[in-house]
Each structure stands twice: as C-alpha cells, then as structure tokens.
Amino acid sequence: MRIKKLSVVMPVYNGELFIEEAINSLLNQTFKNFDLIILNDNSSDATLSIIERIKAKDNRIILINKTKNEGPANLRNEAIEMIKTEYIALLDADDIAMPTRFEKQIQILDKNPNLGLCGSWFTIFGDRKEKILKHSIYHDNLKVQFLHSCGLGNSTVMFRKSMIGDLRFEHQYVPAEDYGLWSEFIAKSEFYNIPESLVRYRWHPGNISQTKEENLRIAEVAIKKRQLERLEIDSNDENSSYYVNAVSLKRKQNAEDIIKTIKASKVLKQKNDKLKVYNQAIFCEHIDRMIIRTIRNSKDYNTTFFKYIKNDSGYFNKISFLDKIVFYFKCQF
C-alpha cells in the first residue's frame, strides 16, 4: 500500500439529510490516496448508521464516534492531533466537493512548498440564490481581506500540518472558529485561493452560522481586534472599535463616529508603513474603500461633517463626483 498523502476531516452532528452526499463527493475524487476521518458528535438521528453503511464499503473511512457533544472546533482539533499525513483537508458534512478538488489543490501545494494553505472559490446553493463566492486569490490581498472578513471557505481548505504548528481552532470563537484560526495562520504562512469553484456550500436553516448569529458577531470583532494587535493597536484601547471600523465596514455610524474612524484609519496607515505587516498599497486601498463606503452610509449629515470631509479628511477628492453632490446636499438639507 502507498503511504497516504492526505487526511480529510469531517465533523458531523445530526447530519442525516446531507452527509451521504458529502461523503460520496469525497470518495469519488479523482485523487484517491487519502483517509477520511469522520467525527460523529453524538448525533441523535440516523447519521451514525449512514456512516457505518458507507464505511463497510470503503476502508478509507475512519469513524470516531463521540458519546457526548463536543462541538466542531474541538472535533477538528482532535483529528488534527492524530493525523500523520503532510496534507489535511476539510469538508463540512452538508457541503459537496467537486471531483477534481483534491487533485488540483495537491498539485498547487506540491509545486509551491512555501504555501501553507490552499483554498478555492466556492458556490453557495440551497436556500439562497446560487452564486460563486470569489475571495481574493493571492496572499497579500487575502491577508488584508482577513481584516474585514474571512477570506476562505472552510470547506475548501487544504493545509500543511508541518506549517500550522500549534495553532488550532478555538471553541470560544464558534461559529467563527475557522476565521479565528486562519487569521492567525495567515500571519505565519502564505495562502492561495484557486480561482475556480471546487466546493458547493449548502445554505440551509441548520447552518451553525445562522443558529448562532450573536456569537458570530461578537467573535468576529474579537478576531479583528486580535489581528490589529500586529499593528500595535491594543484590543483594550478605548478607540479600538474605530480601528476595527476603519478596516471593516460598519454602516450607519453617526457623523461624529465616522470622523473618529477616519482619524483611526490615518494611524493604521502610519503604523503599517513603519511595521510592514501588510502590503502598504493594498492596505491603504482597502482602508480607503472602507472609509468611502462608510461616508456614503452615514447615519446623519451636517455642515460640520461636510467641512471635515472636504477640508481635513483627505477623502473628499477620492469620492466620485456624483457622491460629492449627493453628500453636499445631504449635509446642507
């Protein structure tokens, strides 16, 4: 037997509706040399019997059956600890991998030993209108994108165990534990997204990101603050929320808060110019785009706000001609 090159991790809880399709999408990959580790999180439906039926026909499946519910972050960590292969791939139990996904990702990673992680674009389907989500492709752009949102579809990820080191999913960030892990990993290793949809992401009412929306918002803010610590911005700074808003759009801020956000953006640009954490051109372009959208989405308008934007912000000349006219009349009337 050939030594396995890849291990695939799939946690599942009460996934009877979709898990068979998810498993089959992996077993039918053009790249065959992998183990599939399925961690059943004490499901109370028919999930276990479905897995056992498929497992009886394919010895690549390794089943770990939990007797108490531990959550997806802890289950993925358990699998990562036990895996001996260089490459690890992820797929959620309600998603579908395209047949050539593993083949294409392994080809990229084999040719680029500097890459710690390879993802891809993915297609949202199900309860939402079907569309391809196209995250940034290259590392420098991805690294900046992470300041605003997760630049990876978790079910598209394949990474090198040797490069991830001691980093793991953090249960405190569920359901944004993937955003938390990848935002830390991208600071120490290069990422790449294949510009092709290699996974179908199923949108349905049971998605954990929908059932825990408040947890998601709190976790995302904490993750963004942690990234900004690389620019010497203390998470406990009284102005930390304005730094976050400078890199991650928050709509309907009042005029006073927008002015504070713009001042924070100038500090961030100066910090990065000194520390070289991000590509400065991409970083500044990203911030400028966030600030312009913030101004456009202001909660209120007044003449003091107009004067600041026109004379002191440095953004008036970056706003389109039409937006300048609209902004002027909103502030006057």
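## Two cores and one helix: worked exercises

In this predicted model, the largest nonpolar core has 36 residues, and Leu6, Met10, Ile23, Leu36 and Phe102 touch the most other members.

**Exercise 1.** Find which helices and strands each supply at least two residues of this core, and which element gives the most.

*Solution.* Start with the strands: E1 (6–12), E2 (34–40), E4 (87–90), E6 (115–126) and E9 (190–203) each supply at least two residues. Now add the helices H1 (19–27), H2 (47–55) and H4 (101–111), which do so as well. E9 gives the most, with six residues.

**Exercise 2.** Take Leu36 and list its contacts, leaving aside neighbours within four places in sequence.

*Solution.* Begin with Val8 and Met10, then go on to Ile23, Leu26 and Leu27. Finish with Arg60, Ile61 and Ile62, which are also in contact with Leu36.

**Exercise 3.** Name some members of the second, separate core.

*Solution.* This core has 33 residues, including Tyr243, Ile262, Ile295 and Cys331.

**Exercise 4.** Describe helix H11 (residues 255–275): its span, its buried residues, their packing partners and its two ends.

*Solution.*
1. Span: the 21 residues reach 30 Å from first C-alpha to last, close to the 30 Å expected at 1.5 Å a residue.
2. Buried residues: among them are Ile258, Ile259, Ile262, Ser265, Leu268, Lys269 and Asn272.
3. Partners: the buried residues of H11 pack against helices H9 (213–228), H10 (240–247), H12 (280–296) and H13 (303–311).
4. Start: a side-chain oxygen of Asn254 comes within 3.2 Å of the backbone nitrogen of Glu256.
5. End: just after H11, Lys276 has a positive phi of about 60°.

How values were computed:
Residues numbered from 1 in each chain as written. Predicted model: local features only at pLDDT ≥ 70, side-chain atom pairs only at ≥ 80, totals over all residues. Heavy atoms only, no water. Helix = DSSP H or I, 4+ residues; strand = E, 2+ residues; numbered from the N terminus. Expected span 1.5 Å × (residues − 1). Buried < 20%, exposed > 50% of the residue type's maximum accessible area, 1.4 Å probe, protein only. Contact = heavy atoms within 4.5 Å. Polar contact = N/O pair within 3.5 Å; in protein donor to acceptor, adjacent residues only side chain to side chain. Core = buried A, V, L, I, M, F, W, Y, C linked by side-chain atoms within 4.5 Å.
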